Amino acid sequence: MLISGLALGAVLGYVMQRGRFCVTGFLRDIFTQRSWRGFVALLIVISVHAVGLAALTSGGIITPKYSELAPIAVIVGGLVFGIGIVLAGGCASGTWYRSGEGLIGSWIALVFYGLSAAAMKTGALTGVNEALKSQTVGLTSIHASLGISVWPLAIALTALTAFLAVRFLREEFSGPKPAKLAARKSGLAHILAEKPWHVYSTAVAVGVLGVIAWPLSAATGRNDGLGITTPSANLTNFVVTGNAAKLDWGVLLVLGILVGSFVAAKASGEFRLRVPDATQGARSVVGGIFMGVGAAWAGGCTVGNGMVQTSLFSYQGWLALASIAAGVGIAAKIWLKPSAPAATARTVARTTSSAATAQAAPLSDATDAPVDSVSLGSVDVAGSSAVPAAPAAPAGAVPAGFAVAPVALLDRVVGKQEGGKLTPLGDGRYELDTVGAVCPFPLIEAKDAIGKIEVGEELVIPFDCTQATDAIPRWAAKDGHEVTNFEQTDEAGWVISIKRGK
């Protein structure tokens, strides 16, 4: 029966990758986009879970355990975990499935997530973990405190979620439609392996898989459903000690997520090994450590607490989710903003030259804003004049087929651009290269850069962040900008051209 964990994990990883499903993004959008659309997707998962687990419990199929609330550990752990997932660029499940997309920064975060979680649960930091978790207040679940069945809570939450989902869907279908990538496949292959899935249908699927997970896991003696932190710690323990007893259903679940997301990414042309730059690499290390420590203290991550414990209506689950959201908000305030422009010796006037003039003139005379680095490769966009390619990078400098954030290798070399600085392409067109930037930075930089060009001018954005294939077109439609071109240029590589509308 252990193999069922691998199978269900593979399906879960496939579903999450195709739906770009990440709780970090849902919570982050509340603070950076003032949007609750993604959070409603999380509520859908919780509601489906709640009804399903209530039915399984009522039927005597499962018997969930409720831990006494340790408020200090949950609050502190949730805050630390929330900060960590912003630094790492994804929540626990998101980091696993993005590893399957080839993001080496996520691999780094996973290693330190597993190590720190193992240290807190069974290693050198066990005393630190238990010191806070021993401070309990005797509360377990909301329905236990009220002396009622769990069903009224599950039904009420489901009704609220349905109301909110319908509201957001009406706004979505009545408003401007985001640009879509042209289909390269047809029929079922297009739906399953190319077209991004709607976040709400993905949420329903994740919720159903979470319900199925519980009896499958229970059949192996593991009285739990979906979970990421303890399985990640157990996998680390197995790798370090060779203790086969650590290879339980949960470990196979997280390995399955990796496998499923890899299959989905390969099938959709969204897999490529992408190496982070030094800054993101360091953030991945710190973020992974914060994730492991925070989740151990809080008693779970965005899955164990944010999806499972919330659906059981435990105080721990809802308090942890609120604390994680607060941590995300703090981190978003500190780190999720465009980079500050670098100081320059002089300010250069806006160029109105043609593409030929822009190519012939020195770059310092062609820019309208300080540029500390430039695009050196050729961007081929319909209706544009390409920037001439620079000499190739020295052979062997970086393995072929990799992208170093934010430098893309293979057929073009791109210099790092910070703070929304633009490279002129001529005729009122400017490039903002975000290749290698992790979510949500392509969107953040695009929103900043669009304000630096005039109405009617065009912003060309090469990127390789999978989530941005939905986020950037959705923002452009909502804010009244016209997408003039949107295409996939390579494996896990896209370019979108946006004409400023207002």
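## Inner spaces and helix 16

In this predicted model, helix 4 is the top contributor to the lining of the second largest cavity, giving three residues. Helix 14 also supplies at least two residues there. In total, 13 residues line the second largest cavity. Those nearest its centre are Val86, Leu87, Arg283, Leu336 and Phe441. By class, the lining splits into nine nonpolar, two polar and two charged residues. The space inside comes to about 70 Å³.

How many cavities of 30 Å³ or more does a search of the whole structure find? The count is four. The largest cavity holds about 260 Å³. Its lining has 23 residues. Leu103, Gly436, Ala437, Val438 and Cys439 lie nearest the centre of the largest cavity. Helix 6 (104-121) gives the most to this lining, with three residues. Strand 1 (274-275) and helix 14 each add at least two. The classes here are eleven nonpolar, eight polar and four charged.

Next, the open space. The second largest pocket has a volume of about 650 Å³. It is lined by 31 residues. Nearest its centre lie Ser67, Asp224, Gly299, Gln309 and Gln316. Four helices each supply at least two lining residues: helix 4, helix 12 (229-241), helix 14 and helix 15.

The table sets out the lining of each space by class.

| Space | Nonpolar | Polar | Charged |
|---|---|---|---|
| Second largest pocket | 13 residues | twelve residues | six residues |
| Largest cavity | eleven residues | eight residues | four residues |
| Second largest cavity | nine residues | two residues | two residues |

Now helix 16, residues 315-335. Gln316, one of the residues nearest the centre of the second largest pocket, is buried in this helix. Other buried residues of helix 16 include Gly317, Ala320, Leu321, Ser323, Ile324 and Ala325. Further along, Gly327, Val328, Gly329, Ala331 and Ala332 are buried too. An α-helix has 3.6 residues a turn, so residues three or four places apart point the same way.

Which helices are included in what covers the buried residues of helix 16? Among them are helix 2 (23-32), helix 3 (37-58), helix 4 (71-88), helix 14 (278-298) and helix 15 (304-311). Helix 4 and helix 14 also help line the second largest cavity.

Does the length of helix 16 fit or miss what is expected of it? Helix 16 has 21 residues, and at 1.5 Å a residue they should span 30 Å. The end C-alpha atoms are 30 Å apart, so the two values agree.

Note on methods. Residues numbered from 1 in each chain as written. Predicted model: local features only at pLDDT ≥ 70, side-chain atom pairs only at ≥ 80, totals over all residues. Heavy atoms only, no water. Expected span 1.5 Å × (residues − 1). Buried < 20%, exposed > 50% of the residue type's maximum accessible area, 1.4 Å probe, protein only. Contact = heavy atoms within 4.5 Å. 1 Å grid on protein atoms, 1.4 Å probe; cavity = no way out; pocket = protein on both sides within 12 Å on 5 of 7 lines; lining within 4 Å. Points joined across faces, edges and corners; volume = space filled by probe spheres on them. Nonpolar A, V, L, I, M, F, W, Y, C, P; charged D, E, K, R; others polar.
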